[in-house]
Amino acid sequence: MKKPESYVPIHCRSHYSLLRGIYSPEKLVDFAVQMAAPAVGLVDINGFYGLIRFAQAADRRGLKALYGSALYDGRQHLCTLLCLGKEGFARANEILSAHIDSQEGRREAYDPIEDLLQGGWRGLWVVSSRIEVLERLLRAGDSGLYAGLPYGVPYGTLRRWAAERGLPLLAYNDAVYRSTED
């Protein structure tokens, strides 16, 4: 089964995301090439750990490299920050640095969602499947904000909630593909 030409895996995790990703950044690029995807995205957990190797591999293989980070609070996914360029990358780094410092006790309690509310998310797409996160962020506007629909999770309530507010949907999949047949 061939993947549609418009399909782009944007929510991949490398082996730098412990217990969530198993392949190297280079292998993720190889899988995207096998799927004939025009681009591929890497969103390691709470950081950009595999980004340089990923970007170099994508460049060598002629793929557009999309990147961001899946922001977790403990074991819970809060949102994904997808960078649209240098400005978004800088903003995501500010948020991730403060979040990690807080989790490691080098900073007092930190709320990354409040930071997004106060400082904005220019240069980023923010994707969340959590209604409470989306409700808070909607106070600052909906530009670049998406209701994330993860594959394999019931999302009827979230889909209806987002439709009532005119919030765009973005489907994503955390699965790892080993071949085009997958």
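Which residues does His99 touch, not counting residues up to four places away in sequence? They are Asn46, Leu71, Tyr72, Asp73, Tyr110 and Pro112. The model is predicted. This report starts with the whole chain and comes back to His99 later.

## Overall build

The protein has six helices and six strands. Along the sequence, they follow the pattern α-β-α-β-β-α-α-β-α-β-α-β.

The protein has 182 residues, and 46% of them are buried. Its accessible surface comes to about 9800 Å². Carbon and sulfur atoms account for 51% of that surface. Now take the contacts between residues at least 6 apart in sequence: 59% of these join residues at least 24 apart.

## The sheet

Six strands form one open sheet. Their order is S1-S2-S3-S4-S5-S6, and the pairing is mixed. Strand S1 (39-45) and strand S6 (169-172) are the edge strands. Each of these two pairs on one side only. On average, neighbouring strands of the sheet are turned by 30 degrees against each other, direction ignored.

Two helices can be followed onto this sheet. Helix H3 (residues 86-103) packs on it and touches S2, S3 and strand S4 (124-128). The direction of H3 makes about 30 degrees with that of S2. Helix H5 (residues 131-138) also packs on the sheet, touching S3, S4 and strand S5 (145-150). The direction of H5 makes about 170 degrees with that of S5.

## Strand S3 and its partners

Strand S2 (residues 64-73) and strand S3 (residues 76-83) run antiparallel, joined by seven bridges. Tyr67 has Cys83 as its bridge partner in S3. Ser69 has Leu81. The two strands form a hairpin with two residues between them. Gly74 sits in the turn and has a positive phi of about 70 degrees.

S3 also pairs with S4: four bridges join them, and they run antiparallel. Here Leu81 stands opposite Val126 in S4. How many of the eight residues of S3 are buried? Seven are, so the strand is mostly covered, where buried means under 20% relative accessible area.

## Cores and cysteines

The largest nonpolar core has 42 residues. Leu81, Leu116, Val126 and Leu137 have the most contacts inside it. Leaving aside neighbours within four places in sequence, Leu137 is in contact with Ile113, Leu116, Leu117, Trp121, Val126 and Leu145. Another core, of seven residues, lies apart from the largest one. Among its members are Ile10, Leu82, Leu170 and Tyr172.

Are Cys79 and Cys83 buried or exposed? Cys79 is buried, with a relative accessible area of 0%. Cys83 is buried too, at 10%. The count of disulfides comes to zero.

## Tyr146 in strand S5

Tyr146 lies in strand S5. Its relative accessible area is 15%. That is under 20%, so Tyr146 counts as buried.

Which residues lie around Tyr146, leaving aside neighbours within four places in sequence? Tyr146 is in contact with Trp125, Val126, Val127, Ser128, Leu134, Pro168, Leu169 and Leu170. Ser128 is 18 residues away from Tyr146 along the chain, yet their C-alpha atoms are separated by 6.6 Å.

## His99, Asn46 and Ala36

Back to the opening residue. His99 is found in helix H3. At 2% relative accessibility, His99 counts as buried. Asn46 is one of the residues that His99 touches. Asn46 lies in the loop between S1 and helix H2 (51-61). Asn46 is buried as well, because its relative accessibility of 9% falls under 20%. Its phi is positive, about 55 degrees, although Asn46 is not a glycine.

Ala36 also has a positive phi, near 60 degrees, and is a residue other than glycine. Ala36 lies in the loop between helix H1 (25-34) and S1. Is Ala36 buried, exposed or partly exposed? Its relative accessible area is 46%, which lies between the 20% and 50% limits, so Ala36 is partly exposed.

Terms used
Residues numbered from 1 in each chain as written. Predicted model: local features only at pLDDT ≥ 70, side-chain atom pairs only at ≥ 80, totals over all residues. Heavy atoms only, no water. Pairing = 2+ DSSP bridges. Axes fitted to C-alpha atoms, helices over the stretch in contact; angles between N-to-C directions. Contact = heavy atoms within 4.5 Å. Buried < 20%, exposed > 50% of the residue type's maximum accessible area, 1.4 Å probe, protein only. Core = buried A, V, L, I, M, F, W, Y, C linked by side-chain atoms within 4.5 Å. Disulfide = S-S within 2.5 Å. Areas by Shrake-Rupley, 256 points an atom, 1.4 Å probe, with all protein chains shown as cover.
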